[in-house]
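Me: I keep meeting terms like "buried" and "salt bridge" and I'd like to see how they get decided. Can we go through one example together?

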Amino acid sequence: MMNEQLSAHEQSLIGEMVDGEIEAVFRWGIIVDLGLSRLGLIDALYIDDEDHYEVGERVSCYLDCFDERKDKFILRPPGQIPLAERLGRSVD
């Protein structure tokens with residue numbers, strides 16, 4: 001399903017590895033500037049206790065999808081299983 005809010009270039013990045021710079025670190029997730037029309041979000045469910053993220057740090061993640069409700073790209077660190085699979089939900 002194509003999202004009309006995203007450019008063709010942004011849509012082509014879904015499922016690909018992207019790089020960005022951490023803008024903010026919260027308990028609920030990490031905000032990443034990808035240089036695209038929207039920011040990225042690494043959900044707290046992907047962050048382990050021993051992980052350490054800092055503002056200004058460069059990160060590489062998979063761009064899993066665009067969440068219209070959050071108005072953000074959902075990012076997944078390498079080596080992590082997608083949240084939908086971890087939570088046993090269907091991916092529609």
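What follows is a chat about the terms used for this predicted model.

Me: Let's start with the overall layout. What makes up the secondary structure of the protein?

Reply: You'll find two helices and five strands. Going from the N terminus, the order is α-β-β-β-β-β-α.

Me: And why is the protein called as compact as a globular protein of its length?

Reply: Its radius of gyration is 13 Å, and the globule rule gives 12 Å for 92 residues. Those two values are close, so the protein counts as being as compact as a globular protein of that length. If you'd like a box to picture, the C-alpha atoms fill roughly 35 × 30 × 20 Å along the principal axes.

Me: Now the charged pairs. What makes Arg38 and Asp71 a salt bridge?

Reply: The cut-off is a side-chain nitrogen of Lys or Arg within 4 Å of a carboxyl oxygen of Asp or Glu. For Arg38 and Asp71, the closest N and O atoms are 2.7 Å apart, so the pair passes.

Me: Why is that pair said to tie parts of the chain together?

Reply: Arg38 sits in the loop between strand E2 (29-33) and strand E3 (40-43), while Asp71 sits in the loop between strand E4 (58-67) and strand E5 (72-76). The parts they join are 33 residues apart in sequence, so the pair ties them together.

Me: How many salt bridges does the structure hold?

Reply: Two. The other pair is Asp64 with Arg76, whose closest N and O atoms are 3.0 Å apart. This pair links distant parts of the chain too: Asp64 is in strand E4 and Arg76 in strand E5, twelve residues apart.

Me: Why is Arg76 called buried, but Asp64 partly exposed?

Reply: Buried means under 20% relative accessible area, and exposed means over 50%. Arg76 has 13%, so Arg76 is buried. Asp64 has 22%, which falls in between, so Asp64 is partly exposed. Asp71, at 35%, counts as partly exposed as well.

Me: How do you know that Val59 is buried?

Reply: Val59 has a relative accessible area of 9%, and the limit is 20%, so Val59 counts as buried. Val59 is in strand E4. Leaving out residues up to four places away in sequence, Val59 touches Val18, Asp19, Gly20, Ile22, Val32 and Tyr53.

Me: Val32 is on that list. What makes Val32 stand out in the largest nonpolar core?

Reply: That core has 17 residues, and Val32 is one of those that touch the most other members, along with Leu34, Ile42, Leu63 and Leu75. Strands E1 (17-26), E2, E4 and E5 each supply at least two residues of this core. E4 gives the most, with four.

Me: Last one: how do you know that Cys61 and Cys65 don't form a disulfide?

Reply: A disulfide needs cysteine sulfur atoms within 2.5 Å. The sulfur of Cys61 is 13 Å from the closest cysteine sulfur, in Cys65, so they are too far for a bond. The disulfide count comes to zero.

Me: Are those two cysteines buried or partly exposed?

Reply: Cys61 is buried, at 3% relative accessible area. Cys65 has 33%, between the 20% and 50% limits, so Cys65 is partly exposed.

Terms used
Residues are numbered from 1 along each chain as its sequence is written. This is a predicted model: local features need pLDDT of at least 70, side-chain atom pairs count only at pLDDT 80 or more; totals for chains, interfaces and linings use all residues. Side-chain values use heavy atoms; hydrogens and water are left out. Buried means under 20% relative accessible area, exposed over 50%, partly exposed in between (1.4 Å probe, protein chains only). Contact means heavy atoms within 4.5 Å. A nonpolar core is a set of buried Ala, Val, Leu, Ile, Met, Phe, Trp, Tyr and Cys residues joined through side-chain atoms within 4.5 Å. The radius of gyration is taken over C-alpha atoms; the globule rule is 2.2 Å times the number of residues to the power 0.38.
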